[in-house]
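Student: I have a structure open and some questions about it. Can we go through them one by one?

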Amino acid sequence: MRAASAPIAILLACLSFSACSPKNEIMVETAATERETDFNFNWRFTLADQEDFSDPAFDDSKWRELRLPHDWSIEADFDEKYDGATAYLPGGIGWYRKSFLSPSELEEKQVYLYFDGIYNHSEIFLNGKKVGGRINGYTPFHLEVSKDLKQDNTVNTLAIRVDRSRYIDSRWYPGSGIYRDVKLIQVDKLHIPPWGTYVKTPVANKDNGQVELDVEVLNKRKKLQNIRLQTDIVDSKGAIVSSETTSTMLSSRSATTMRQHFNVSEPQLWSPESPSLYTAKTKIIANNKEIDSYETRFGFRDIRYDANEGFFLNGINTPIKGVNLHHDAGLVGVAVPDDVWKRRLLKLKEAGVNAIRMAHNPSSINLLRMTDEMGFLVQSEIFDEWDNPKDKRLNQWERHDDYISRGYADWFQEEAENDLKLAVKRDRNHVSVVMWSIGNEIEWTYPRYKEATGYFDMDASGNYFYNPPFISPEEIVKRFHESPEGTYVLAKTAKKLSKWVKELDTTRPVTANLILPSVSHISGYTDALDIVGYSYRRVIYDYGHELFPEKMIMGTENVPQWHEWKAVEDRPFIPGTFLWTGIDYLGEAHGAWPRKAVTSGLLDTAGFENTSFHMYKSLWNDEPHIHISSQTEEKSLYKLENGNVIEKEPGKWQERVWIWQDVNSHWNYQDNETVIVEVLTNCPSAELFLNGKSLGVQKLADNDDRELKWAVPWQAGELKAVGLDNCQTESRIVTTAAASAIELSSDKDTLANDNYAVAHLTAKLVDKNGLAVLHDDKEISFTLSKNLELIGTDNGDTSTMQRYQGSSLLTSEGQALLVVRRIGDGPASITVKGKGLSESTLSLN
């Protein structure tokens, strides 16, 4: 199509009564920038509900002005009157309104509104008429609105109602509002629709790459069109490496799919170590004019799953070192700036993470764009519940039935196919996506599964976590097939969902996360799956592989402890795991006030390292790593016996679950107090020194739990662990004085005024010698220059119930995080203060 003129493109992004805030660089999935207008700016919002809010004549001048993405729940105060399942934050009903001009030459155009996600129960009105919406808050969708726009260059009113009055509708924090990007897409009536391409690479090796590209073309014009479809394959340096032109005749008001084939010699293969990307640049040409252009980003990579040998990427056996991620990011809620995700992903990569399971619903398109670029294998998950609901407060099967906890299961029968296909069609060109998951721990909601396991009999005490099945496979079969089916049959639903996925994509396997696999294997459920994911069931890896050798089994939800990875290392037929979780996440804290989040992550809610980060950094990297933590003998899991440090409960390390043991990062105790020092490392051995004096050498091979341990009578000074056996690394902690100042640092020296970039500032307490004080905490406050916007503050402590948008907070382990965005030009600065502390100021140019 003809590119929109600059003035028109700018006008489309602006309110008639506001200044425009264009984005310098539009991050999109497959569309060229000429097609799209960033629609995130110049909205008005109210947390209220009236029928006339959709009326174009309604006066919204007193509403709050804001930009998208927006999550209204994260802006509220934490309050115990709400529920911890969704982080003690409210829901409600909110309205958004925006005014914009119709494009010129409207009769020749097709116009779409694209929404990457609205949580949830959205209703969209254009000029007073309802034009669409979605119940599911994770589903991306677009609406064709050409016929509902006013004539050329006339003001239109877009109004969106978001109903999150069911505020405990999830088992975690889902957020509220238009929390992902919105775009306006304008194209010629002869065009490639949004998500209108499908790229496959049936051959991908170092010598040759073959591309098969399907392109959907719509002709909404009144006449037959003679078109040429021209596509160039472009590498990451901008060089054209292959081209193809295809011609066809397309009758009026019809559609067709055109297939093109390409060969690329010696392609750069995509992998986590080298995430090389290509772009298919496609043009529709009619009457020697370019009518439309469309870009599809993809990569060359070969994936193979073997039930006996594991996962192969580009012919190389590649362990899946994965983590689960929910879609919130602490202080920003679910309206997550790209820079926030980037900081977190870089830190996870540092730990050796190479894979992410998007738990338990489709992620944002921006997050998938980053996994493509940064090199993460992705399991894209679609549903957390199917026919029957889970209990949002208590997990597992439903034991509450009230309006505020009604979730997606109530609409699953009517909405599931459309929601699934929208997600798969949006995401199937992402090279990082290597498997689809159709469900998470679904078996809880079908009673016959739980009862057939034998784990929940009176004499079994329900202990399925670390015990093989208490009853024989034959007894499981008997129990299951003698039980009533119920209204819905899980296996039938699974087959239906798998079929829907494969109608759109046959290049990736289908999996699900199974919580009761001993029953699921014999029920017909796993017949629908190419890969069988086990949730917290590593104790039956051998059981599953022996009885069902034709099925690949892997861990899709496992605790971040050494024993989980040991189970993978010991079994070549298990390709890897996804730890629960990569990062602490909000919610799933029913009755846990003042805890607002789950603390099982390698990183905390602020993106700071938890101790488990260092365990997995030592497991998942070849580069030498060592880390010291400590705890008093009384509080630790260990005791000193006959000169040796042993577990108070021998062998208990094999049954540790989500939360890492209580340890400290500091070296501030009482004189001669017995302190247990724990060292995590991948060095064959390490030596511990206190004030330069050796306390002995420990060997990793002598510690089944992979934790080196010393009992140390405390003395002030420096404690240092040094890697031995040609493993050059060390870690040290020191005794510090009282905090006397604040050290402020930033992950950026400069902060662009592009409306999107954010900077992370870390405030650390330091003593008179400039040493980080980790054992004490102080209330600190931030002051920002007028050209900076406070996005939020956090300390990573899940029991801190201060509002995230406050300008002051208590540090945790001597540190806190501040996230800011630039809202104006000129010198920008942040000053941090605290009682009895020297203040610190940092400038962002």
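The questions and answers below concern this predicted model.

Student: How many residues of helix α11 are buried?

Tutor: Helix α11 runs over residues 611-619. The buried ones include T611, F613, Y616 and L619. K617 is on that list too. The helix is mostly covered, and the count of buried residues is nine of nine.

Student: Which elements cover the buried residues of α11?

Tutor: The cover includes both helices and strands. Among the strands are β29 (576-579), β32 (626-632) and β35 (674-681). The helices included are α2 (338-350) and α10 (562-569).

Student: What does α2 reach from its first C-alpha to its last?

Tutor: α2 has 13 residues. At 1.5 Å a residue, 18 Å is expected. The helix comes close to that, with a reach of 18 Å.

Student: Which residue with a positive phi follows α2?

Tutor: Look first at the helix itself. Its buried residues include W341, R343 and L348, and their cover includes α3, β42 and β46. After the helix comes a residue with phi near 100°, and that residue is G352.

Student: Which residues have the most contacts inside the largest nonpolar core?

Tutor: Nonpolar side chains tend to be buried together in soluble globular proteins. In this model the largest nonpolar core has 113 residues. Its largest share, six residues, comes from helix α7 (residues 490-504). The residues with the most contacts inside the core are F383, W386, I438 and Y525.

Student: How many residues are in the second, separate core?

Tutor: This core includes F115 and F141. L158 and V182 are also included. The second core has 34 residues.

Student: Which residues from L490 to L497 does W386 touch?

Tutor: Residues up to four places away in sequence are not counted. Among the contacts of W386 are A409, F412, I438 and Y525. In the stretch asked about, W386 touches L490, T493, A494 and L497.

Student: Which elements do the buried residues of α4 pack against?

Tutor: Helix α4 (residues 412-427) has 16 residues and reaches 21 Å, close to the 22 Å expected. Its buried residues include F412, L420 and V424, along with D419 and R426. They pack against β5 (109-115), β8 (141-144), α3 (365-374), β24 (377-381), β25 (433-440) and α7.

Student: Is N136 buried or exposed?

Tutor: N136 is found in the loop between β7 (129-132) and β8. It touches I118, N120, F383, Y408 and D419. Its relative accessible area is 6%. The cut-off for buried is under 20%, so N136 is buried.

Student: What separates the C-alpha atoms of N136 and G439?

Tutor: Along the chain, these two residues are 303 residues apart. In space, their C-alpha atoms are separated by 15 Å.

Student: What is the volume of the largest cavity?

Tutor: A search of the whole structure finds nine cavities of 30 Å³ or more. The largest is lined by 19 residues, and Y119, Y138, D169, S170 and Y408 lie nearest its centre. The lining divides into six nonpolar, seven polar and six charged residues. The volume of this cavity is about 210 Å³.

Student: Where is the cis peptide bond with omega near -5°?

Tutor: Look at a loop. P69 is found between β3 (64-66) and β4 (92-101). The cis bond runs from L68 to P69.

Student: Which residues does the cis bond with omega about 5° join?

Tutor: One partner, T581, has its place in the loop between β29 and β30 (585-586). The bond joins W580 and T581.

Student: What is phi of N755?

Tutor: N755 is found in the loop between β41 (741-746) and β42 (758-766). At 18% relative accessibility, N755 counts as buried. The residue is not a glycine, yet phi is positive, near 75°.

Student: Is E813 buried or partly exposed?

Tutor: E813 sits in the loop between β45 (808-810) and β46 (815-822). Its phi is positive, about 50°, although it is not a glycine. Its relative accessible area is 43%. Partly exposed lies between the 20% and 50% cut-offs, so E813 is partly exposed.

Terms used. Residues are numbered from 1 along each chain as its sequence is written. This is a predicted model: local features need pLDDT of at least 70, side-chain atom pairs count only at pLDDT 80 or more; totals for chains, interfaces and linings use all residues. Side-chain values use heavy atoms; hydrogens and water are left out. Buried means under 20% relative accessible area, exposed over 50%, partly exposed in between (1.4 Å probe, protein chains only). Helices (H or I, at least four residues) and strands (E, at least two) are DSSP runs, numbered from the N terminus. Contact means heavy atoms within 4.5 Å. A nonpolar core is a set of buried Ala, Val, Leu, Ile, Met, Phe, Trp, Tyr and Cys residues joined through side-chain atoms within 4.5 Å. On a 1 Å grid over the protein atoms alone, a cavity is a set of points where a 1.4 Å probe fits but cannot get out, and a pocket is an open set with protein on both sides within 12 Å along at least five of seven lines; lining residues have an atom within 4 Å of a point. Grid points are joined across faces, edges and corners, and a volume is the space filled by probe spheres set on the points. Ala, Val, Leu, Ile, Met, Phe, Trp, Tyr, Cys and Pro count as nonpolar, Asp, Glu, Lys and Arg as charged, and the others, Gly among them, as polar. The expected span of a helix is 1.5 Å times one less than its number of residues.
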